[in-house]
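Work through the following exercises with the sequence and the 3D view open beside you, and try each task before you read its solution.

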Amino acid sequence: MITQAFVLGAGLGTRLRPLTENLPKPLVPIFQKRLITFAFDHLIEVGIAKFVVNTHRQPEMFTEYFPSSTYRDCPIEFRNEPLLLDTGGGIKNIENSLGAEPFIVYSGDILSDVELSPLIEEHFEKKNDVTIALRTTAHGSEVVLRNGAVVEIRSKGEPRGDYDFAGISIWNANIFQRIPAATKISFIPILRKWIEEGGRIGGVVLGDGKWFNIGTRTNYLEIHRTIARENWKPAYVHEPGWPVWIAPEATIAPSAQLRGFHAIGSGCTVGEEAMLEDSVLWPGAQIASRSRLQNCIVRSHQKAQGALHDLDI
């Protein structure tokens, strides 16, 4: 059993700008639920009881949303990286927090309901040093898998591999001795060298379930669209009222029209005769009367007015 996890929260979220200018990407809301909490819930479901989260920009935002440094009674340690260390350097940076026990690394910008138990079972059954979750994708396939073992991780420009990384992996503590301290480095070259030296690097294809990378505004709106269209809710999400289309504290004028999917946060106001279609309002957003928004995202405490489409306000 694995009881600790490292959730990657330090990315810059450049492709999601301007949404991430004032809010780290793991904290963006999905129908009023913060993205990183899906990772927490998913991991708690398989026995994780302790989290370490790396941060970079605006680390105070994480402590604002988790003031007690806990989530569902599980402690969270936030470890800030003033200079980004990448995935490998980030793992090394939390060595003293994880000790000698295995741990899961989970990307803080994905939302998935894939089954994690097969990954954990494979890790211990095969006595792997590392076991990575894999997925089939139409682009960027880097991993060559043979009989459950990762035999090669290819670079761009080389022939395509079999699978792509799914943003979830299991590591034994012997990884720490392979990463230089205070160094920005991806775990990819670490794994390549370990494979060459005979390390037991396994892979499990997690094909069942949904998997979303919230990397762009298109991805962000699409996850809302999927949840609304398919009434999708990961089984590990226990909030009885989620998804919350309209927060209880929002004020919607009686003459306003809401079409398609809409996620309207706490403290939002939507004026008379306004129309929202396939749009997301973060807490405190204000929509002026007679405005028309289609495929828009309005950030917290911003005001939108007029006829707008495909915009981040």
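Two strands are said to pair if DSSP finds at least two bridges between them. The structure used here is a predicted model, and the exercises should be read with that in mind.

**Exercise 1. Describe the sheet that contains β15, and find its edge strands.**

Solution. Begin with a pair of neighbours: strand β15 and strand β17, which covers residues 269-270, pair in the parallel sense over two bridges. Within this pair, Ile 252 has Val 270 of β17 as its bridge partner. Next, follow the pairing across the sheet, which is open and has four strands in the order β15-β17-β19-β22, with parallel pairing. Finally, look for the strands that pair on one side only: these edge strands are β15 (251-252) and β22 (303-304). As background, strands of a sheet pair through backbone hydrogen bonds, either parallel or antiparallel.

**Exercise 2. Work out how β1 is placed, from its burial and its partners.**

Solution. Take burial first, where a residue counts as buried under 20% relative accessible area. Strand β1, residues 4-8, is mostly covered, since five of its five residues are buried. Then consider the side chains: Gln 4, Phe 6 and Leu 8 point one way from β1, while Ala 5 and Val 7 point the other way, and all are buried. Now turn to the partners. Strand β4 (residues 50-55) runs parallel to β1 and is joined to β1 by five bridges, with Val 52 in β4 as the bridge partner of Phe 6. Strand β7 also pairs with β1 in the parallel sense, over four bridges, and here Val 7 stands opposite Tyr 106.

**Exercise 3. Explain why β18 counts as largely enclosed, and list strands that pair with it.**

Solution. Strand β18 spans residues 275-281, and six of its seven residues are buried, so β18 is largely enclosed by the rest of the structure. For the pairing, take the partners one at a time. Strand β16 (residues 257-264) runs parallel to β18 and is joined to it by six bridges, and one of the contacts to look for is that of His 262 with its bridge partner Ser 279 in β18. Strand β20 (residues 292-294) is also parallel to β18, with three bridges between them, and Glu 277 stands opposite Gln 294 in β20. Strand β21 (residues 297-298) pairs with β18 in the parallel sense over two bridges, where Val 280 has Ile 297 as its bridge partner.

**Exercise 4. Which residues of helix α5 are buried, and which exposed residues lie on the face turned away from them?**

Solution. In helix α5, residues 117-125, the buried residues to mark are Leu 119, Ile 120, Glu 122 and His 123. They cover an arc of only 165° around the axis, which puts them on the same side of α5. An α-helix has 3.6 residues a turn, so residues three or four places apart point the same way. The face of α5 turned away from the buried side carries the exposed residues Glu 121 and Glu 125.

**Exercise 5. How many disulfides does the whole structure hold, and why does Cys 296 form no bond with Cys 268?**

Solution. Recall that a disulfide is a covalent bond between the sulfur atoms of two cysteines. A search of the whole structure finds zero disulfides. The cut-off is a pair of sulfur atoms within 2.5 Å, whereas the sulfur of Cys 296 is 14 Å from the closest cysteine sulfur, that of Cys 268, which is too far for a bond. As for burial, Cys 296 is buried with a relative accessible area of 0%, and Cys 74, at 8% relative accessibility, also counts as buried.

**Exercise 6. Describe the largest pocket and the second largest pocket by volume and lining.**

Solution. The largest pocket holds about 1,300 Å³ of space. Of the 41 residues that line the largest pocket, Leu 8, Thr 87, Ser 107, Asp 109 and Asn 213 are the closest to its centre. Strand β12 gives the most to this lining, with six residues, and the lining of the largest pocket divides into 17 nonpolar, 15 polar and nine charged residues.

The second largest pocket holds about 200 Å³. Its lining has 13 residues, and Asn 22, Leu 23, Met 61, Trp 282 and Ser 300 lie nearest its centre. Helix α2 (residues 59-65) supplies the largest share of this lining, three residues, and by class the lining of the second largest pocket has six nonpolar, four polar and three charged residues.

Terms used: Residues are numbered from 1 along each chain as its sequence is written. This is a predicted model: local features need pLDDT of at least 70, side-chain atom pairs count only at pLDDT 80 or more; totals for chains, interfaces and linings use all residues. Side-chain values use heavy atoms; hydrogens and water are left out. Buried means under 20% relative accessible area, exposed over 50%, partly exposed in between (1.4 Å probe, protein chains only). On a 1 Å grid over the protein atoms alone, a cavity is a set of points where a 1.4 Å probe fits but cannot get out, and a pocket is an open set with protein on both sides within 12 Å along at least five of seven lines; lining residues have an atom within 4 Å of a point. Grid points are joined across faces, edges and corners, and a volume is the space filled by probe spheres set on the points. Ala, Val, Leu, Ile, Met, Phe, Trp, Tyr, Cys and Pro count as nonpolar, Asp, Glu, Lys and Arg as charged, and the others, Gly among them, as polar. The arc is that of the directions from the helix axis to the C-beta atoms.
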